[in-house]
Amino acid sequence: MDTKYKQLIQQAIEIRSRAYAPYSQFQVGAALLTADGQTFCGCNVENGVLGLSLCAERVAMTRAITDGVRDFSAIAIAANPAATPCGSCRQFMIEFNPEITVIVVDADNCESVKVFQAAELLPDFFRLQK
Ligand code: THU
C-alpha cells in the first residue's frame, strides 16, 4: 500500500459500510482529500428509481463543495471487487482537478491498490469554456 495514502484508504474502506445499495448489493466508499488536508467521505446511495442512484465519489465531492472546498488532491475508492470510477465520476472530478490522484483499492485487501491520475482515466475530456 502507498503509505502516503494509507489513512485515506482506511477512511474509504470504513465509510463503505454506510452504503445504501439494496439493488446492486455493490457497496462503495470514497474518501476525498483536499489541498488543505481535509477529508470528505461518501458512499453510494441507491434508489428504487435506479437512475437516481448516486455514486460514492460524487457524494464525497459534493460534500466538500457544499462546505466551500473545491481544491481536490486525491480520492480513494474502496469496493470489492475494486472498481475504477464510472465515466460520470471521472468527468465530475476533472471539473475540479484533472490531475487529481485516484486511488482504487480492494476493500477486502487494502494491500491491493492501483493509482491513477484522473485525466489518464478520461482522455480528451470535455471542458466548457468559462
Ligand atoms: N458505484 C459507485 O458508487 N462508484 C463507482 O465507481 C462505481 C459504481 C455504485 C453505483 C451503484 O450504486 C453501484 O455502485 C453499482 O453500479
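This report walks through the sheet, the helices packed on it and a few backbone oddities of a predicted model.

## Ground rules

The model is predicted, so local features need pLDDT of at least 70 and side-chain atom pairs count only at pLDDT 80 or more, while totals for chains, interfaces and linings use all residues. Numbering runs from 1 along each chain as its sequence is written, and side-chain values use heavy atoms, with hydrogens and water left out.

Helices (H or I, at least four residues) and strands (E, at least two) are DSSP runs, numbered from the N terminus.

## The sheet

Five strands make up an open sheet, in the order 2-1-3-4-5 and with mixed pairing; a pair of strands here needs at least two DSSP bridges between them. The edges belong to strand 2 (39–43) and strand 5, each with a single partner strand, so one side of each has no neighbour in the sheet. From one strand to the next, the twist averages 20 degrees. Angles run from 0 to 180 degrees between N-to-C directions, and axes are lines fitted to C-alpha atoms, for helices over the stretch in contact.

At the strand 2 edge, strand 1 (residues 29–34) pairs with strand 2 in the antiparallel sense over five bridges. If you want a spot to click on, Ala30 has Gly42 in strand 2 as its bridge partner.

## Strand 4 and its two partners

How many residues of strand 4 are buried? Six of its six, so to speak the full run of residues 101–106, where buried means under 20% relative accessible area, exposed over 50%, and partly exposed in between (1.4 Å probe, protein chains only). Thr101, Ile103 and Val105 point one way from strand 4, with Val102, Val104 and Asp106 pointing the other way, and all are buried.

On one side, strand 3 (72–79) pairs with strand 4 in the parallel sense over six bridges, and Ile75 has Val102 as its bridge partner in strand 4. To get from strand 3 to strand 4 the chain goes through helix 3, and this β-α-β crossover is right-handed: with the strands pointing away from the viewer, the path from the first strand over the helix to the second runs clockwise. Strand 5 pairs with strand 4 in the antiparallel sense, again over six bridges. Those two form a hairpin with two residues between them, and Thr101 stands opposite Gln117 in strand 5.

## Helix 2 on the sheet

Helix 2 (residues 56–66) packs on the sheet and touches strand 1, strand 2 and strand 3; its direction makes about 140 degrees with that of strand 2. Contact means heavy atoms within 4.5 Å.

Which residues of helix 2 are buried? They are Ala56, Glu57, Val59, Ala60, Met61 and Ala64, and they pack against strand 1, strand 2, strand 3 and helix 3. After helix 2 comes Gly68, with a positive phi near 85 degrees.

## Asn97, a buried loop residue

Asn97 sits in the loop between helix 3 and strand 4, and its relative accessible area of 17% makes it buried. Its touching residues are Phe72, Ser73 and Ala118, leaving out those up to four places away in sequence.

A polar atom of the Asn97 side chain lies 2.8 Å from the backbone oxygen of Phe72. That is a polar contact: a pair of N or O atoms within 3.5 Å, where within protein one must be able to donate a hydrogen and the other to accept it, and residues adjacent in sequence count only if both atoms are side-chain atoms.

## Backbone oddities

Most residues other than glycine have a negative phi, and most peptide bonds are trans. Gln25, in the loop between helix 1 (6–15) and strand 1, has a positive phi of about 60 degrees without being a glycine, and it counts as exposed at 61% relative accessibility. Asp124, in the segment after helix 4 (118–121), also isn't a glycine and has a positive phi of about 55 degrees; its relative accessible area is 80%, which makes Asp124 exposed.

The peptide bond from Asn80 to Pro81 is cis, with omega near 0 degrees. Pro81 lies in the loop between strand 3 and helix 3 (87–96).

## An exposed residue on strand 5

Glu111 belongs to strand 5 (residues 109–117) and counts as exposed, at 55% relative accessibility. Glu111 and Lys6 are 105 residues apart in sequence, yet 9.6 Å apart in space from C-alpha to C-alpha.
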